[in-house]
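Trainee: I would like to learn how to read a predicted model feature by feature, beginning with charged side chains. Could you take me through the reasoning step by step?

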Amino acid sequence: QVQLVESGGGLVRPGGSLRLSCAASGRDFSRDAMGWYRQAPGKQRELVAGFTRRGETRYADSVRGRFTISRDTAKNSIFLQMNTLKPVDTAVYYCSATVRIATVERNYDRDFWGQGTQVTVSS
């Protein structure tokens, strides 16, 4: 079955860096959209960075230039390098994959989520 497992979260000082990893299993994700979302207390979940199904990258304006998403397709893994971290980056970060289910009638998308990893930026 599909499973996404995040790792790499922790406590860092403002200006520090963290590298998050997501190990996906259960299928070949090379042609799926995958990305990182985060949810801070009292706020809605938001897209941080992701790959489209065509492999293009997308970033939230708040992290562009500081965060970099990458992938290792052979290992079904994606990563998030987070630099120049700010207290506002504090959140639970989730790995997500959107699986395209193709039928003769139309396509259906199904989202899968990891358990999340806590990132805390504090002095």
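Trainee: Which residue meets Asp32 in a salt bridge?

Mentor: The general idea is that side chains of opposite charge can pair when their charged atoms come close. In this model, which is predicted, the side chain of Asp32 meets that of Arg27 in a salt bridge, with 2.9 Å from N to O.

Trainee: Are Asp32 and Arg27 buried or exposed?

Mentor: The two partners should be read separately. Asp32 is buried, because its relative accessible area of 2% falls under the 20% cut-off, whereas Arg27, with a relative accessible area of 32%, is partly exposed.

Trainee: How many salt bridges are there by this rule?

Mentor: The count comes to seven salt bridges, and a second one is formed by the side chains of Arg38 and Asp89, again with 2.9 Å from N to O. Arg38 lies in strand E4, residues 33-39, while Asp89 lies in the loop between E8 and E9, so this pair ties together parts that are 51 residues apart in sequence. Arg38 is buried, with a relative accessible area of 6%, and Asp89 is buried as well, with a relative accessible area of 1%.

Trainee: Which residue forms a salt bridge with Asp89 at 2.8 Å?

Mentor: That residue is Arg66, and the 2.8 Å is the distance between the closest N and O atoms of Arg66 and Asp89. Arg66 is in the loop between strand E6 (57-59) and E7, and Asp89 is in the loop between E8 and E9, so here the parts tied together are 23 residues apart in sequence. Both Arg66 and Asp89 are buried. When salt bridges share residues, they are best read together, and here Arg38, Glu46, Arg66 and Asp89 are linked in a network of salt bridges.

Trainee: Let us turn to a residue in a strand. What is Ser96 in contact with, leaving aside its neighbours within four places in sequence?

Mentor: A residue is placed by its element, its accessibility and its contacts. Ser96 is found in strand E9, residues 91-102, and Ser96 is buried, with a relative accessible area of 4%. Leaving aside neighbours within four places in sequence, Ser96 is in contact with Leu4, Ala33, Met34, Gly35, Tyr37, Phe112 and Trp113. For Phe112 there is a further detail, since the backbone oxygen of Phe112 lies 3.3 Å from a polar atom of the side chain of Ser96.

Trainee: How would the reading go for Arg58, and is Arg58 buried or partly exposed?

Mentor: The steps can be repeated. Arg58 has its place in strand E6 and, at 42% relative accessibility, counts as partly exposed. Not counting residues up to four places away in sequence, Arg58 touches Val48, Ala49, Gly50 and Thr52, and a polar contact of 3.1 Å joins the side chains of Arg58 and Glu56. A distance between backbones can be added to this picture: the C-alpha atoms of Arg58 and Gly35, which are 23 residues apart along the chain, are separated by 8.8 Å.

Trainee: Moving on to strands, what order do the four strands of the open sheet have?

Mentor: A sheet is read through the order and sense of its strands. The order of this open sheet is E1-E3-E8-E7, with antiparallel pairing. Its edge strands are E1 (3-7) and E7 (67-72), each of which pairs on one side only, and neighbouring strands of the sheet are turned by 15° against each other on average, direction ignored. Within the sheet, strand E3 (residues 18-25) and strand E8 (residues 77-82) pair in the antiparallel sense over six bridges, and Leu20 stands opposite Leu80 in E8.

Trainee: How many helices and strands does the chain have?

Mentor: The chain has zero helices and 11 strands. Its radius of gyration is 15 Å, close to the 14 Å that the globule rule gives for 123 residues, so the chain is as compact as a globular protein of that length. Along its principal axes, the C-alpha trace spans about 55 × 30 × 25 Å.

Trainee: What percentage of the 123 residues is buried?

Mentor: Buried residues make up 37% of the 123 residues in the chain. As for the contacts, among those between residues at least 6 apart in sequence, 56% join residues at least 24 apart.

Conventions:
Residues are numbered from 1 along each chain as its sequence is written. This is a predicted model: local features need pLDDT of at least 70, side-chain atom pairs count only at pLDDT 80 or more; totals for chains, interfaces and linings use all residues. Side-chain values use heavy atoms; hydrogens and water are left out. Two strands pair if DSSP finds at least two bridges between them. Helices (H or I, at least four residues) and strands (E, at least two) are DSSP runs, numbered from the N terminus. Axes are lines fitted to C-alpha atoms, for helices over the stretch in contact, and angles run from 0 to 180 degrees between N-to-C directions. Buried means under 20% relative accessible area, exposed over 50%, partly exposed in between (1.4 Å probe, protein chains only). A polar contact is a pair of N or O atoms within 3.5 Å; within protein, one must be able to donate a hydrogen and the other to accept it, and residues adjacent in sequence count only if both atoms are side-chain atoms. Contact means heavy atoms within 4.5 Å. A salt bridge is a side-chain nitrogen of Lys or Arg within 4 Å of a carboxyl oxygen of Asp or Glu. The radius of gyration is taken over C-alpha atoms; the globule rule is 2.2 Å times the number of residues to the power 0.38.
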